[in-house]
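Trainee: I've got a chain on my screen and some time to kill. Let's go through it together, one question at a time.

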Amino acid sequence: MLRAAIDAGVNHLDTSDFSGPHVTNRLIREALFPYPQDLQIGTKIGARRGENASWLPAFAPDELARAVADNLEDLGLEALDVVNLRLMFDVHCPAKDRSPHR
């Protein structure tokens, strides 16, 4: 499906490593690498999966840096075109007060 989308003229992929940790981006790489010159790849960071598949905030500087590094590695890229910070949690309270099940 990814190859067909590219063949049909799609030139932008929006992915997220935390949707399927290390799986989603590796599948994209397997299907499309080496990437077409005009393909732009964007990703989202700001969350991680808990042991029970719950969503957990990941906003600390080291977590954000690790998320970008994981995306780069799994996609086989040196740079990403777009990195979006996804705020899936209540940003008006301290992280310790956030429920991982929101």
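Mentor: Vocabulary to begin with: buried means under 20% relative accessible area, exposed means over 50%, and partly exposed is in between (1.4 Å probe, protein chains only). This is a predicted model, where local features need pLDDT of at least 70 and side-chain atom pairs count only at pLDDT 80 or more, while totals for chains, interfaces and linings use all residues. Residues are numbered from 1 along each chain as its sequence is written, and side-chain values use heavy atoms, leaving out hydrogens and water.

Trainee: Where does Ala53 sit, and is it buried, partly exposed or exposed?

Mentor: Look at the loop between strand E3 (47-49) and strand E4 (55-57), where Ala53 has its place. Its phi is positive, about 70 degrees, although Ala53 is not a glycine. Most residues other than glycine have a negative phi. Because its relative accessibility is 44%, Ala53 counts as partly exposed.

Trainee: What pattern do the helices and strands follow along the sequence?

Mentor: Helices (H or I, at least four residues) and strands (E, at least two) are DSSP runs, numbered from the N terminus. The protein chain has three helices and five strands. Read in sequence order, they give α-β-α-β-β-β-α-β.

Trainee: In which order do the strands of the open sheet come?

Mentor: Strands pair here if DSSP finds at least two bridges between them. The edge strands, each pairing on one side only, are strand E1 (12-15) and strand E5 (82-85). From one strand to the next the twist averages 20 degrees. The sheet has three strands with parallel pairing, in the order E1-E2-E5.

Trainee: Which residue of E2 is the bridge partner of Asp14?

Mentor: E1 and strand E2 (residues 40-45) run parallel and are joined by four bridges. His12 stands opposite Gln40 in E2. For Asp14, the bridge partner in E2 is Gly42.

Trainee: Which side chains of E1 are buried?

Mentor: Side chains alternate along E1, so to speak face by face. His12 and Asp14 point to one face and are not buried. Pointing to the other face, and buried, are Leu13 and Thr15.

Trainee: What angle does H3 make with E2?

Mentor: Axes are lines fitted to C-alpha atoms, for helices over the stretch in contact (heavy atoms within 4.5 Å). Angles run from 0 to 180 degrees between N-to-C directions. H3 packs on the sheet and touches E1, E2 and E5, and its direction makes an angle with that of E2 of about 145 degrees.

Trainee: Which element gives the most residues to the largest nonpolar core?

Mentor: A nonpolar core is a set of buried Ala, Val, Leu, Ile, Met, Phe, Trp, Tyr and Cys residues joined through side-chain atoms within 4.5 Å. The largest one has 11 residues, among them Ile6, Leu13, Tyr35, Ile41 and Leu80. Helix H2 (24-32) and helix H3 (61-75) are the elements that give two or more residues to this core. With three residues, the one that gives the most is H2.

Trainee: Why do the buried residues of H2 lie on the same side, and how wide is their arc?

Mentor: In H2, the buried residues are Asn25, Ile28, Ala31 and Leu32. The arc is taken from the directions from the helix axis to the C-beta atoms. These residues are on the same side of H2 because their arc around the axis is only 130 degrees.

Trainee: Which elements do those residues pack against?

Mentor: Ile28 shows some of this, touching Leu2, Leu13, Thr15 and Leu75, among others, when residues up to four places away in sequence are not counted. As a group, the buried residues of H2 pack against helix H1 (2-7), E1 and H3.

Trainee: How far apart are Glu73 and Asn25 in space?

Mentor: Glu73 lies in helix H3 and, because its relative accessibility is 53%, counts as exposed. Leaving aside neighbours within four places in sequence, Glu73 is in contact with Arg29 and Arg66. Glu73 and Asn25 are 48 residues apart in sequence, and their C-alpha atoms are apart in space by 9.0 Å.

Trainee: Which peptide bond is cis, with omega near 0 degrees?

Mentor: Most peptide bonds are trans. Check the loop between H2 and E2, where Pro34 has its place. The cis bond runs from Phe33 to Pro34.
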